[in-house]
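Colleague: Before I rely on this model, I would like to go through its interior with you, one question at a time.

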Amino acid sequence: MKTIFVLASGRSGTGYLAHFFKSNVQNCYSTHEPYFTPGNPVLFGEAIAWNTQEDDEKLLPLLRQKKAFVTNIRQAVYFESNHAFLKACHRHAPILVDEPGFIHLVRDPRYVAKSEYMRERLIQRLRLPFAYYKNAGERYFRWALTGKEAIFDFYRDMKISRFQFYLLQWVEIEYRAMQLLRKHGWHNRVFFIEVEKDLKNQSILDAMLHFFSLTSGRSELKMNLHTNKTPLAGKTVLTDTDLAQCKQITARLPQQYLSMLKLPPYKNCRWINTLFSSG
């Protein structure tokens, strides 16, 4: 069985890609965020905090449960586009998969951050149950990092906005992705997609299927698929305040993260130069 996970932040086309696999790939079990799937932990909430705290006594049983679920899938392909992967289990990815494949989705971090912020605001307004959880006496948003991760330590002396929080989260997620691939020598197992330019490019997605030796069974790929838009939010727009706040973050970004963004795949993204000149 082929097992493919997505390396990505939220609000980066993960839902679209899950629908693409479900609609186009033969003999494929495709899931986005496996809520309400018995035996397949979704890995949001406390799993994220446990990973940050390196509380493996609590985290590892959850990952082994997920591994058992994936192993028992009868289809030839297991695909999951869950953005909790890098938030909750980047330190223990080999527990989930022995011979993994990855799709690395990268979207302009400013739009990721603004979209995540807008989604959180909507959830707050709707007062959705279970959107927050408590760990060690502190309250956290279920789908985000905790803010206790090392990257946030460099900004403790400034009061960051929630938009800036999500910018830093994006950087941390990308850093985890690069560290994961480097540590395990998995660079040849990853297919990169620049979201704005290529996510809905049929020739790119066809190349992705060939990369993983997947069979479509369609004469033409089904491309007009559901996207996970935030209700009532409208188009994601960056304000002058957003751009100024982005500049505050990039101006102080530690060297290890700056160095990462100067290398492929980021240095070839269309938005990379404007990221550092925002404001």
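**Inside the model**

Colleague: Is Cys28 buried or exposed?

Modeller: This is a predicted model, and the answer holds for the model as predicted. The relative accessibility of Cys28 is 15%, and the cut-off for a buried residue is under 20%. Cys28 therefore counts as buried.

Colleague: How many disulfides does the model have, and how far from Cys28 is the nearest cysteine sulfur?

Modeller: A disulfide needs two cysteine sulfur atoms within 2.5 Å, and by this rule the count comes to zero. Cys28 is in no disulfide, and the nearest cysteine sulfur, which belongs to Cys89, is at a distance of 18 Å.

Colleague: Which cysteine sulfur is nearest to that of Cys269?

Modeller: Cys269 has a relative accessible area of 4% and is therefore buried. Cys269 is in no disulfide, and at 14 Å the nearest cysteine sulfur is that of Cys246.

Colleague: Which helix gives the largest share of the largest nonpolar core?

Modeller: The largest nonpolar core has 66 residues, and those with the most contacts inside it include Phe102, Trp170 and Leu180. Twelve residues of this core, the largest share, come from residues 162-184, which form helix H8.

Colleague: Which residues are named in the second, separate core?

Modeller: In soluble globular proteins, nonpolar side chains tend to be buried together. Phe102, one of the residues with the most contacts inside the largest core, is in contact with Phe85, Leu180 and Phe191, among others. A second, separate core has 26 residues, and those named in it are Tyr16, Cys28, Phe191 and Leu205.

Colleague: Which backbone oxygen lies 3.0 Å from a polar atom of the side chain of Gln164?

Modeller: Gln164 is placed in helix H8 and is buried, with a relative accessible area of 2%. Leaving aside neighbours within four places in sequence, the contacts of Gln164 are with Met158, Lys159, Gln245, Gln248 and Ile249. The backbone oxygen that lies 3.0 Å from a polar atom of the Gln164 side chain is that of Gln245.

Colleague: Which helix gives the most residues to the lining of the largest pocket?

Modeller: The volume of the largest pocket is about 1,200 Å³, and among its 41 lining residues Arg11, Arg119, Asn228, Lys229 and Thr230 lie nearest the centre. Helices H1 (14-24), H6 (109-126) and H9 (195-198) each supply at least two residues of this lining. The most, eight residues, come from H6.

Colleague: Why is H1 largely enclosed by the rest of the structure, and which helix is included in what covers its buried residues?

Modeller: H1 is largely enclosed because eight of its eleven residues are buried, among them Tyr16, Phe20 and Phe21. What covers these buried residues includes the strands E1 (2-7), E2 (28-31), E3 (77-80) and E4 (100-106), and also helix H10 (202-211).

Colleague: Which elements give two or more residues to the lining of the largest cavity?

Modeller: Searching the whole structure finds one cavity of 30 Å³ or more, and the largest cavity holds about 60 Å³ of space. Its lining includes Trp170, Cys246, Ile249 and Leu253. The elements that give two or more residues to this lining are H8 and helix H11 (240-251).

Note on methods: Residues numbered from 1 in each chain as written. Predicted model: local features only at pLDDT ≥ 70, side-chain atom pairs only at ≥ 80, totals over all residues. Heavy atoms only, no water. Buried < 20%, exposed > 50% of the residue type's maximum accessible area, 1.4 Å probe, protein only. Core = buried A, V, L, I, M, F, W, Y, C linked by side-chain atoms within 4.5 Å. Helix = DSSP H or I, 4+ residues; strand = E, 2+ residues; numbered from the N terminus. Contact = heavy atoms within 4.5 Å. Polar contact = N/O pair within 3.5 Å; in protein donor to acceptor, adjacent residues only side chain to side chain. 1 Å grid on protein atoms, 1.4 Å probe; cavity = no way out; pocket = protein on both sides within 12 Å on 5 of 7 lines; lining within 4 Å. Points joined across faces, edges and corners; volume = space filled by probe spheres on them.
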